[in-house]
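Open the model in your viewer and keep the sequence panel visible. The stops below go from the whole chain to single side chains.

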Amino acid sequence: MGDTIFGKIIRREIPADIVFENDELLAFRDVNPQAPVHVLFIPKKPIATLDDAIPEDAALLGRLLLAAADYARREGFAAQGYRTVVNCNEYGGQTVFHLHVHLLAGRRLHWPPG
């Protein structure tokens, strides 16, 4: 696993409030939530940014988004709505360089964010 905070969460070196896991993916609540529901979905494969994904990662990336959508349905807020966000690199707002999908829900979300 990559040597980021997310790699350490995957390896269970630091605690996290894990809400989903399978062989390829892990999801946990964000420690600095920006909405009542703020869950991060990550691949266990260390991919630093979306720009670092390769064609062979396409199925994994699809499963990452499908896991987020499935979580939203299971938790009962899919019909009301939610947002998924992937930040890429510094100007895109990425602060942890392990690809991740933010799932935000539980309140009306506006665009632009704020």
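**Whole chain**

Start with a cartoon view of this predicted model. The protein chain contains 2 helices and 5 strands. Follow the cartoon along the sequence and the order reads α-β-β-β-α-β-β.

Next, show the C-alpha trace, which spans about 35 × 30 × 25 Å along its principal axes. The radius of gyration of the protein chain is 14 Å, in agreement with the value near 13 Å for a compact globule of 114 residues.

Turn on contacts between residues at least 6 apart in sequence: 50% of them join residues at least 24 apart.

**Surface and charge**

Switch to a surface view. The accessible surface of the protein chain is about 6800 Å², and carbon and sulfur atoms account for 54% of that area. Of the 114 residues, 39% are buried.

Now colour by charge. The protein chain carries 12 positive and 14 negative side chains, and the centres of these two sets are 7 Å apart. Side chains with opposite charges can pair if their charged atoms come close. How many salt bridges does the structure hold? There are 8 salt bridges, and the next stops visit some of them.

**First stop: R11 and E13**

Select R11 and E13 and show their side chains. They form a salt bridge in which the closest N and O atoms are 2.8 Å apart. R11 is partly exposed, because its relative accessibility is 31%. E13, with a relative accessible area of 48%, is also partly exposed.

**Second stop: R29 and D17**

Select R29 and D17. Their closest N and O atoms are 3.0 Å apart, and the two residues form a salt bridge. This pair links distant parts of the chain: R29 belongs to strand 2 (residues 25–29), whereas D17 is in the loop between helix 1 (5–10) and strand 1 (18–21), 12 residues apart. R29 counts as partly exposed at 38% relative accessibility, and D17 is partly exposed at 42%.

**Third stop: R73 and D70**

Move to helix 2 (residues 58–75) and select R73 and D70. The closest N and O atoms of this salt bridge are 3.8 Å apart. Why are R73 and D70 separated by about one helical turn? Because they are 3 residues apart in helix 2. R73 is exposed, with a relative accessible area of 53%, where the cut-off for exposed is over 50%. D70 is partly exposed at 31% relative accessibility.

**Last stop: a network**

Finally, select R12, E21 and K44, which are joined into one network by salt bridges that share partners.

Notes: Residues are numbered from 1 along each chain as its sequence is written. This is a predicted model: local features need pLDDT of at least 70, side-chain atom pairs count only at pLDDT 80 or more; totals for chains, interfaces and linings use all residues. Side-chain values use heavy atoms; hydrogens and water are left out. Helices (H or I, at least four residues) and strands (E, at least two) are DSSP runs, numbered from the N terminus. The radius of gyration is taken over C-alpha atoms; the globule rule is 2.2 Å times the number of residues to the power 0.38. Buried means under 20% relative accessible area, exposed over 50%, partly exposed in between (1.4 Å probe, protein chains only). Contact means heavy atoms within 4.5 Å. Accessible areas come from the Shrake-Rupley method with a 1.4 Å probe; for residues, only the protein chains shown count as cover. Lys and Arg count as positive and Asp and Glu as negative; His and the chain ends are not counted. The place of a charge is taken as NZ of Lys, CZ of Arg, CG of Asp or CD of Glu. A salt bridge is a side-chain nitrogen of Lys or Arg within 4 Å of a carboxyl oxygen of Asp or Glu.
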